[in-house]
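I opened the structure beside its sequence and looked up a few things. My entries follow in the order in which I made them.

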Amino acid sequence: MIPYSVLDLSPVPEGSSTAEALQNTVELARHAEALGYHRFWLAEHHSMAGIASAATAVVIGQVAAHTSTIRVGSGGIMLPNHAPLMVAEAFGTLATMFPDRIDLGLGRAPGTDGRTAQALRRNMDNADNFPGDVMELQHYLGDPVPGAQVIAVPGVGTHVPIWILGSSLYGAQLAAHLGLPYAFASHFAPQALTQAIRVYRETFRPSAQLAKPRFMLAVNVFAGETDAEGYYLKTSMQQAFANLRTGNPGKLPRPVEDLSTVIDPAMQHMVEQALHVSATGGPDTVRQELRALIARHKPDELILTGQIHDAKARMRSFEIAAEALREVAQAAE
């Protein structure tokens, strides 16, 4: 059975607050741990009213403190926004406090708009330094180097596992070149998925961290007691994605019975293309769609995400998905 994990953005639903969103994240993490999920990752986004995980390392620490076995990490830290030394110190601290439980997923995008990127005190050109920044970060987290004048304390010697995140061939090539595990953002940008998997696996070079390729597939899951409920839950994410694409991001919208009343057909088509890698519906449908995605892409791990307005429905969705994956594994055996 391949490991399955959770990607959470600490969504802030309409009618709710960031404080409630962060508490919901902690509760979801505890629930995911009890359900057998392997990792619980949080994503860095800035200047977005609907996402409460901007201070990603801080939220990771809170989640790790309220769980005991599940791995906790970033999916991801947007490295162009940060000096590698500060990332090493933050995640070195987390790894020191929670040994062998912390992951560090790294992305190349700023995770926000241009004006906010400037407010983060880093300019957009830093994306061009991404490979060098990743290697600098590896240096800070690796074994002590005699005579080194800059040391990450905490950080040095912790060997926090680094993942490369991406939605294009660039990330696949870099992860393969550095011999690092690779997670593809197929939950919102699936266009290059098949080609990226092939490039990563065919060009992978073993490293001290990883002997063979390790690919993680990101999948949206909107699971309810019936197909109708699953599709109803999904409408929150569909609206949120449309709002983002039209320059009107906000809190996670309430679900609607008829999506066509709030999104025009052209936008619906665009959203469906972006959210194509999804499992939506009741337990049987979700199981069938997850099985098909696993068979098609043959991932080494799955990471599931689901922007669902109601916190209890979100927890239930991940519960249905975990049961579906166990049934898929049993059928395969």
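**Entry 1: a loop residue**

Before placing anything, I noted that helices (H or I, at least four residues) and strands (E, at least two) are DSSP runs, numbered from the N terminus. With that, I looked up Ile-151 and found it in the loop between α5 (130-141) and β5 (162-166). I also noted that this is a predicted model.

Is Ile-151 buried or exposed, or in between? I read a relative accessible area of 46% for Ile-151, which makes it partly exposed. Ile-151 also belongs to a nonpolar patch on the surface, along with Val-153 and Val-156. I put down about 250 Å² as the accessible area of these three residues together.

**Entry 2: the whole chain**

I stepped back to look at the protein chain, and I counted 11 helices and nine strands. The radius of gyration came to 19 Å, and the globule rule gives 20 Å for 333 residues, so the chain is as compact as a globular protein of that length. Taken along the principal axes, the box filled by the C-alpha atoms is roughly 65 × 50 × 40 Å.

I then looked at what is covered and what is not. Of the 333 residues, 53% are buried. The chain exposes about 14500 Å², and 54% of this comes from carbon and sulfur atoms. For contacts between residues at least 6 apart in sequence, I noted that 73% join residues at least 24 apart.

**Entry 3: helix α1**

Next I checked the length of helix α1, residues 18-35. Its 18 residues should span 26 Å at 1.5 Å a residue, and I found the end C-alpha atoms 25 Å apart, which agrees.

I listed buried residues of α1, among them Ala-21, Val-26, Leu-28, Ala-32 and Leu-35. The list is not limited to such side chains; it also includes Asn-24, His-31 and Glu-33. What do the buried residues of α1 pack against? I found two strands, β1 (4-8) and β2 (39-42), and two helices, α2 (56-65) and α11 (311-332). Just after α1 comes Gly-36, where I read a positive phi of about 95°.

**Entry 4: salt bridges**

I reminded myself that side chains of opposite charge can pair when their charged atoms come close. How many salt bridges does the structure hold? I wrote down 15.

I looked at one between Arg-314 and Asp-8, with the closest N and O atoms 2.6 Å apart. Arg-314 lies in helix α11 and Asp-8 in strand β1, so this pair ties together parts that are 306 residues apart in sequence. Both Arg-314 and Asp-8 are buried.

Another pair is Glu-202 with Arg-198, at 3.3 Å from N to O. These two are four residues apart in helix α7, which puts about one helical turn between them. I noted the reason this spacing works: an α-helix has 3.6 residues a turn, so residues three or four places apart point the same way. Glu-202 is exposed at 57% relative accessible area, and Arg-198 is partly exposed at 41%.

I found a similar arrangement in helix α10 (residues 283-297), where Asp-284 and Arg-287 are three residues apart, again about one helical turn. The closest N and O atoms of that salt bridge are 3.1 Å apart. Asp-284 counts as partly exposed at 45% relative accessibility, while Arg-287 is buried at 17%. I also noted one network, made of salt bridges that share partners, which joins Arg-39, Arg-71, Asp-100, Asp-103, Arg-214 and Glu-301.

**Entry 5: Gln-238 and Phe-188**

I found Gln-238 in helix α8 (residues 227-245). Its relative accessible area is 8%; buried means under 20%, so Gln-238 is buried. Not counting residues up to four places away in sequence, Gln-238 touches Leu-259, Ile-263, Val-271, Glu-272 and Leu-275.

Last, I looked up Phe-188, in the loop between β6 (182-184) and α7 (193-203). Phe-188 counts as partly exposed, at 35% relative accessibility. Which residues is Phe-188 in contact with, leaving aside its neighbours within four places in sequence? I found Phe-241 and Ala-274. I also took the C-alpha to C-alpha distance from Phe-188 to Ser-278: 9.4 Å in space, for residues 90 apart in sequence.

Key: Residues numbered from 1 in each chain as written. Predicted model: local features only at pLDDT ≥ 70, side-chain atom pairs only at ≥ 80, totals over all residues. Heavy atoms only, no water. Buried < 20%, exposed > 50% of the residue type's maximum accessible area, 1.4 Å probe, protein only. Contact = heavy atoms within 4.5 Å. Patch = residues over 30% accessible without salt bridge, like charges linked within 9 Å, V, L, I, M, F, W, Y side chains within 5 Å. Areas by Shrake-Rupley, 256 points an atom, 1.4 Å probe, with all protein chains shown as cover. Salt bridge = Lys/Arg side-chain N within 4 Å of Asp/Glu carboxyl O. Rg over C-alpha atoms; globule rule 2.2 N^0.38 Å. Expected span 1.5 Å × (residues − 1).
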